Amino acid sequence: MQFWALIVDSFRESRDRKIFWVMLVIESVVAAAMFCIGFEPGRINILFGVWPLETQRFTAFAGLREDLIATIAVHVIMDVVVGWIGITLAIIATAGFFPAFLERGAVDVVLAKPISRSMLFLGKYLGSMVFVLLHAIFFVGITFLVIGTRWGAWLPGYLWTIPLLVLLFSYIYCISAWAGVMYRSAGAAILFSLGAWVFFFGIQSAADVFVIVPKWKEHRLAYDVVHAARWAVPKTQDITYLAAKWSGASASTELVPEVEPEDRPIVERAEQSEVGRMNMNPVHTIGSSLLFEAVIVLLAMWRFARTDY
């Protein structure tokens with residue numbers, strides 16, 4: 001009972017912050033902007049047709065190709081708007097949880113309760129997950145309705161992005177929690193977590209380059225180091241590919257304008273790389289990422305349990 005009360009208290013703390021409501025406003029604005037867009041043969045109607053955009057790229061929408069609609073929903077809306085902007089805001093909103101929790105006076109009261117320090121830590125940690133879960137439910141829910149009613153494609157697999165977004169957040173938040181316990185500073189938690197995210201992204205992007213540019217494989221040592229590091233760190237990019245697979249989306253290269261003939265082989269290899277990632281074993285990518293998260297959480301929990309407050 002006390003453990004659940006800690007989770008609820010952590011969520012209430014985040015809800016009382018202004019950024020909680022800022023995120024709700026941003027999510028609502030994005031959904032409204034999506035509703036203002038419609039598709040016709042060879043044309044995208046922006047603001048209900050006030051600003052028509054002629055393009056042959058999306059002529060296929062005449063036949064309501066759900067894979068292209070899902071591609072836009074996953075690779076643009078989910079990956080960019082939510083995956084980068086939304087998760088960054090969520091990290092900022094929750095970065096102060098542990099530093100505030102560890103302030104002298106506040107932590108003394110909590111430690112006096114008959115509950116282990118490990119449970120205290122996990123209660124605060126899971127409270128942040130509830131914060132992101134509710135935002136994910138709200139945003140994915142309203143965009144799911146917009147895609148169905150306005151764009152004419154009902155994508156039940158798109159709802160899988162709700163747990164996938166929470167999973168993506170957890171990959172990054174474990175670093176934030178560790179830094180918050182170590183340095184008792186919200187600023188340090190934000191810097192460490194966002195810096196780690198950029199590092200994870202860089203490692204995965206470097207691994208993709210070896211596929212897109214085969215001659216790079218000649219640098220065998222670099223290839224082995226990058227692929228070993230890619231296995232070890234959380235695979236944040238794979239979240240997008242899993243969402244694309246389960247939503248029925250195509251590779252993001254479907255949204256790329258026509259390129260010059262000499263550049264076409266690169267685009268084709270990039271597409272092959274994406275298709276390969278979409279066909280990955282979800283147990284492998286999620287399991288190895290959660291293993292990394294578990295190690296960081298245990299380190300942070302050990303530090304929290306051993307420190308004299």
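**Notebook: A73 and E293**

I looked up A73 and found it buried, with a relative accessible area of 1% (buried is under 20%, exposed over 50%, partly exposed in between, with a 1.4 Å probe and protein chains only). The model is predicted, with residues numbered from 1 along each chain as its sequence is written. Local features need pLDDT of at least 70, side-chain atom pairs count only at pLDDT 80 or more, totals for chains, interfaces and linings use all residues, and side-chain values use heavy atoms, without hydrogens and water.

I placed A73 in helix α3, residues 66-94 (helices are DSSP runs of H or I, at least four residues, numbered from the N terminus). Beyond four places in sequence, A73 has contacts with M78, I147 and Y158 (heavy atoms within 4.5 Å). I also noted T143, 70 residues from A73 in sequence, at 8.5 Å C-alpha to C-alpha.

I then checked the course of α3. Its end C-alpha atoms are only 36 Å apart, where a straight helix of 29 residues would span 42 Å at 1.5 Å a residue (expected span is 1.5 Å times one less than the number of residues). I found a kink of about 40 degrees centred on M78 (the angle between axes fitted to the seven residues ending there and the seven starting there).

Next I turned to E293, in helix α12, residues 282-306. Which side chain of opposite charge is nearest to E293? It is K235, 11 Å away, and the buried E293 has no salt bridge (a side-chain nitrogen of Lys or Arg within 4 Å of a carboxyl oxygen of Asp or Glu; Lys and Arg count as positive, Asp and Glu as negative, His and the chain ends not at all). Leaving out neighbours within four places in sequence, I listed Y125, S170, Y171 and C174 as contacts of E293.

Methods: Helices (H or I, at least four residues) and strands (E, at least two) are DSSP runs, numbered from the N terminus.
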